[in-house]
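Work through the exercises below with the coordinates open. Try each task before you read its solution.

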Amino acid sequence: MVEGEVTRGENLRVPPWPIWDEEEERNLLSVLRSGKWGLGGSWVQKFEREFAAYHGCQYGIGCANGTVALKVALRAVGVKSGDEVITSPYTFVSTTSVIIELGAIPVFADINLETLTIEPSEVERRLSEKTRAILPVHIGGCPAEMEGLIEVSRGRDIRIVEDAAQAHGSEYRNRRVGGLGDAGCFSFQSNKLVTAGEGGVITTNDAETAALSRSLINCGRTPTEDWYESVVLGYNYRMSEFAAAVLSAQMKRLDDHMRRREESFRELSILCRGLDGFEWLEVPSYVTRHSHYFIPLTINRNHFGSIDKRRLVSEIVSRGIPCSTGYTVPLSRHRPIVEYLMSRDYAQQELTNVETACRDVIWFPHTILLLHPSEMYHVYRVLRDVSNNNT
Ligand SMILES: *Cc1c(COP(=O)(O)O)cnc(C)c1O
């Protein structure tokens, strides 16, 4: 690029998502022609085994989506009506809505502004005799501080369920997410890093949690009872054979995509550390592999004053780089959640860091990291332009 030339990202060919090839096509046709589109096929079982093993887990239970994976996992580890579940206010609404659907109480712990995940000391402050589970979110692919959370739960009857919907393949101290707590939940919704349009999986190393989850997603059936006799009240949240066939093909691409994202991320981080207008969030040292579902960037308020992040995002987008505002309102202030908590006589909590994150953190999508590392320079140039033109 010639120095002085107007910086534009339009020449960058950010790949459309999802990515697929003949393998997905072949697998789909194979399911179609077999006539076994649901129960009785073998793709779901095969995928469950592969996905669980990849994440260091003994059991995988495929299901309809990430939301029901969370609901089923919480129920399977014993969360009941009236129990408290400590969770993050900086996440997709499902993480909280499933707690409410079970009649339990979401208790929000504030986040760490470096990782955007819940802070163990904040979780500890919110423990009560009603706390039944902790539901950390590996947001943007950055694992939560799991050892700290496990320490907080030690000696108490508290289960940990990981929301790993954005963290396929991420590692905490060389261990893959999904098997770090009592259960893990993944999503295969169309934006996610492994996708079949819709889909989810529950991972666990606990045989009982696995068996109950399996039963809950399959109408309360168990391997031994009569087909039409339920032991627990379940749902039909089964994964279809078509989804599993696509996911099996998608998994073969995950390692390569992760390697490419990590390479481009390293390049981008070197460039962006020197920006005036934005602060780069460093990957914490406990993260040994990062899915980079989104790349967070914090607006430097000393530089930009009180400018609305929506304006900066549209400046970046108009220069050809995909970017989004990400979460703009903490879940602790979403109206239906506030109303639910009030109806249960739970007071509103003050959460300073998540307010800051919702005001100041913007996201780049993972797809920009599939560009060549040398193309990260253009992303950096756009950010530098926006920095220089908005003071
Ligand atoms: C996508 C997502 C979910 C929900 O998954 P679905 O498959 O869309 O139901 C839950 N939690 C987080 C953090 C997510 O990103």
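A disulfide is a pair of cysteine sulfur atoms within 2.5 Å. This is a predicted model: local features need pLDDT of at least 70, side-chain atom pairs count only at pLDDT 80 or more, and totals for chains, interfaces and linings use all residues. Residues are numbered from 1 along each chain as its sequence is written, and side-chain values use heavy atoms, without hydrogens and water.

**Exercise 1.** Find how many disulfides the whole structure holds, and explain the result for C57.

Solution. Search the whole structure: the count is 0 disulfides. Next, take C57. Its closest cysteine sulfur belongs to C185 and is 11 Å away, so the pair is too far apart for a bond. Then check C323. C323 is in no disulfide either; the nearest cysteine sulfur, in C272, lies at 11 Å.

**Exercise 2.** Is C57 buried or exposed? Classify C323 as well.

Solution. Set the cut-offs: buried is under 20% relative accessible area, exposed over 50%, partly exposed in between (1.4 Å probe, protein chains only). C57 has 8% relative accessibility, so C57 is buried. C323 has 12%, so C323 is buried.

**Exercise 3.** Place L32 in its helix and give its exposure class.

Solution. L32 sits in helix α1, residues 22-34 (a DSSP run of H or I, at least four residues, numbered from the N terminus). Its relative accessibility is 43%, so L32 counts as partly exposed.

**Exercise 4.** Assess the confidence of the chain.

Solution. Use pLDDT, the predictor's confidence in each residue, from 0 to 100. The chain average is 95, and 97% of the residues score at least 70. Residues 1-7 stay under 50.

Notes: Helices (H or I, at least four residues) and strands (E, at least two) are DSSP runs, numbered from the N terminus. Contact means heavy atoms within 4.5 Å.
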